[in-house]
Amino acid sequence: MTKRLLIHTIQFFVAGLLLLTSFSGCKSKKKMKKKDDVLVVADTVNERCKLDFKSSKSLIKHIRASEFNFDWVYAKANVEANIDGKEESFDIKVRIRKDSAMLVSIQYLLGVEVAKILITKDSVKMVIYPRKQYFKGDYNYINELLHADLDFDLLQAVLFGNSAEFYDDDLKLKPVTDRQNCRYALSTERKFKLKKIEQGQKEPKKSLQTMTLDPLTFKINKNEFVDVATNRIFTANYEKYPLATDSVYAPRRVNIDIVAEKKVNLKIDYVRIEKNEPQRLTLNIPAKYEPMPIKKAE
């Protein structure tokens, strides 16, 4: 991999992580109640699951109750990136203090650190060491750059399969009980119209969000956003969950597809996730480094 291509990949990786939060929406803050009983019975005659109906509020309650909770996180992952057919791979180390700051270190072969990004509630800093360049700004600048509406909380959630982009009004998220595919879902479209969209029989006329849930654990298996206005599609599939008894109940693989100005696929395979060990979240910018020239999106 050439140095130029590596830098491009790093820049797009960061932009992609930030871009994935650009699908607008509001988060709800619902209090949890006692977990409902869950019934999943296979109907071998009709090849359908016997799922009981659950309302939007009930599904949201289950999702919140099964989320990966932490105060601190340290994670190490292998990343395979495919950007418009060009494949690259690198390692990342992610350190997070919940609801506060996130430090991402990107390493190339033999553990050589090539970039580091510090993201807080209101700022983004990045250093690219091979170019001796840095970026330092706030979300307003990044939003203008990417035509986005960024949110630290959403980025934090999406990396580990937690819920993102809830609407304040539960009525905007319709419950879907998909007995044919044995799953629950929450969608901004009703079941009948959603089925036609998924089967390619109908195009969405407005922005669409659909979260597909495991019927037993209520972990999010897939989170998809379709922004009709910007013609962008973001899809995250969460795989390889450990046993529910694991102290770190988070997916070990996150497969992200972004269709925007470029087509991007990111496969993030976590090889290590630890929680609640305090981490050092600092980023020093050497005095001799130059500001990074960044071209705004058209």
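**View 1. Phe 234 and its partner across the sheet.**
In strand 14, the residue that bridges to Phe 234 is Ile 258. Keep in mind as you look that this is a predicted model. Strand 14 covers residues 253-259, and seven bridges tie it to strand 13. The two strands run antiparallel.

**View 2. The hairpin of strand 12 and strand 13.**
Now for the other neighbour of strand 13. Strand 12 takes in residues 220-227 and strand 13 takes in residues 232-239. They pair up in the antiparallel sense, with six bridges between them. Pick out Glu 224 and look across: its bridge partner in strand 13 is Thr 235. Four residues sit between the strands of this hairpin. Check out Asn 231 here, which takes a positive phi near 60°.

**View 3. The disulfide of Cys 49 and Cys 182.**
How many disulfides does the structure hold? Just one. It joins Cys 49 to Cys 182, with the sulfurs 2.0 Å apart. This pair ties together distant parts of the chain, since the two cysteines are 133 residues apart. Cys 49 belongs to strand 2 (residues 48-51), while Cys 182 sits in the loop between strand 9 (174-178) and strand 10 (183-187). Which hand does this disulfide have? The torsion about the S-S bond of Cys 49 and Cys 182 is about -95°, so the disulfide is left-handed. As for cover, Cys 49 has 13% relative accessibility, so it counts as buried. Cys 182 has a relative accessible area of 24%, so this one is partly exposed. The cut-off for buried is under 20%.

**View 4. Helix 2 and what surrounds it.**
Is helix 2 (residues 56-65) enclosed or open? Eight of its ten residues are buried, so the helix is largely enclosed by the rest of the structure. Among those buried residues are Leu 59, Ile 60 and Ile 63, but also Lys 61, His 62 and Arg 64. Ser 56 and Ser 58 are on the buried list too. What do the buried residues of helix 2 pack against? Look for strand 9, strand 10, strand 11 (208-213) and strand 12.

**View 5. Stepping back to the protein chain.**
The protein chain has five helices and 16 strands. It counts 298 residues, and 49% of them are buried. Take the contacts between residues at least 6 apart in sequence: 55% of them join residues at least 24 apart. The accessible surface of the chain comes to about 15700 Å², with 48% of that belonging to carbon and sulfur atoms.

Terms used. Residues are numbered from 1 along each chain as its sequence is written. This is a predicted model: local features need pLDDT of at least 70, side-chain atom pairs count only at pLDDT 80 or more; totals for chains, interfaces and linings use all residues. Side-chain values use heavy atoms; hydrogens and water are left out. Buried means under 20% relative accessible area, exposed over 50%, partly exposed in between (1.4 Å probe, protein chains only). Contact means heavy atoms within 4.5 Å. Accessible areas come from the Shrake-Rupley method with a 1.4 Å probe; for residues, only the protein chains shown count as cover. Two strands pair if DSSP finds at least two bridges between them. A disulfide is a pair of cysteine sulfur atoms within 2.5 Å.
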